[in-house]
Amino acid sequence: VPPSAFISIAEESGLIVPITEWAINEVCDQLRQWQQMQVPLVPISVNISSRHIQRANLLHPVQNALARTQVAAQWIELELTETVLMHNLGAALPLLQSLKQLGLTLSIDDFGTGYSSLAYLKRLPLDTLKIDRSFVRDLEAPQGSDGAAIVAAIIAMSKSLKLRVVAEGVETRGQMQRLFEQGCQLMQGWLFAKSLSHERFVRMLVEQRSNPAWQVQFESVPPMPVSA
């Protein structure tokens with residue numbers, strides 16, 4: 001069932017709160033399992049809803065999951081949207097600061113689609129901005145497109161604020177080339193890997209460990225490691 005079919009219902013009913021806590025526990029259990037299997041770990045992201053920010057009760061479920069599984073917090077990234085932050089900035093700031101102190105990574109997902117504000121970007125303890133795929137899709141449009149200009153501005157702003165920037169929804173070599181030329185070196189999308197089963201994904205992680213030079217190479221583009 002795609003998220004578009006159930007997330008809004010879960011938000012309205014309040015079920016998104018136990019769903020989110022279940023997801024965090026599942027992520028910690030998966031990381032612990034990989035550790036036991038000696039599979040190379042990669043960070044896993046969990047989307048956080050406005051309900052958790054409004055209630056400001058996310059800290060204890062995260063602490064409990066980390067303590068139960070003994071997983072290092074550095075392997076978990078929490079993603080929030082601009083809209084969630086802007087509508088709940090007063091509650092979000094102390095909560096995110098507490099989560100950051102645990103060692104988690106914090107990012108804004110779909111950046112550029114909400115009401116971007118340099119003021120809140122400076123105040124919040126963020127690590128990463130993720131450029132929305134709608135802007136990435138415009139990168140191969142004729143010169144002067146608004147999407148390409150927005151991508152360039154986000155990359156420049158991220159660098160000035162010392163934030164990591166990730167381009168979402170990269171599907172063509174042309175998009176990757178344009179992003180790389182603008183200084184974006186972290187990307188995700190079907191160009192690198194489509195959705196994988198757990199078994200195939202673990203196999204990919206193991207292959208990456210056994211072959212340090214494992215990377216994606218494209219014509220006229222310097223080699224770049226693939227981040228899961």
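**Exercise 1.** Decide whether Met-204 is buried or exposed.

*Solution.* Start with the place: Met-204 sits in helix α11 (helices are DSSP runs of H or I with at least four residues, numbered from the N terminus). Next, take its relative accessibility, 16%. Now check the cut-offs: buried means under 20% relative accessible area, exposed means over 50%, and partly exposed lies in between, with a 1.4 Å probe and protein chains only. So Met-204 counts as buried. One extra step: Met-204 and Val-39 are 165 residues apart in sequence, yet their C-alpha atoms are 10.0 Å apart in space.

Before you go on, keep in mind that this is a predicted model, where local features need pLDDT of at least 70, side-chain atom pairs count only at pLDDT 80 or more, and totals for chains, interfaces and linings use all residues. Residues are numbered from 1 along each chain as its sequence is written, and side-chain values use heavy atoms, with hydrogens and water left out.

**Exercise 2.** Work out how α2 and α11 lie relative to each other.

*Solution.* Grab the axes, which are lines fitted to C-alpha atoms over the stretch in contact, with angles from 0 to 180 degrees between N-to-C directions. The axes of α2 and α11 (residues 198-210) come within 13 Å and cross at roughly 50°. Then sort the angle: under 35 degrees is roughly parallel, over 145 roughly antiparallel, 65 to 115 roughly perpendicular, and the rest oblique. That's why α2 and α11 are oblique to each other. Who touches whom? Contact means heavy atoms within 4.5 Å. Gln-30, Gln-33, Trp-34 and Met-37 of α2 meet His-198, Phe-201, Val-202 and Leu-205 of α11.

**Exercise 3.** Do the same for α2 and α4.

*Solution.* The axes of α2 (residues 16-37) and α4 (residues 59-69) come within 9 Å, crossing at roughly 20°. So α2 is roughly parallel to α4. Now list the contact: on the α2 side you'll find Glu-21, Ile-24, Asn-25, Cys-28, Asp-29 and Arg-32, and on the α4 side Pro-61, Val-62, Ala-65, Leu-66, Arg-68 and Thr-69.

**Exercise 4.** How many disulfides does the model have?

*Solution.* Recall that a disulfide is a covalent bond between the sulfur atoms of two cysteines. The rule here asks for a pair of cysteine sulfur atoms within 2.5 Å. By that rule, the count is zero. For a last look at cysteines, Cys-28 has 0% relative accessibility, so Cys-28 counts as buried. Cys-184 is buried too, with a relative accessible area of 0%.

Key. Helix = DSSP H or I, 4+ residues; strand = E, 2+ residues; numbered from the N terminus.
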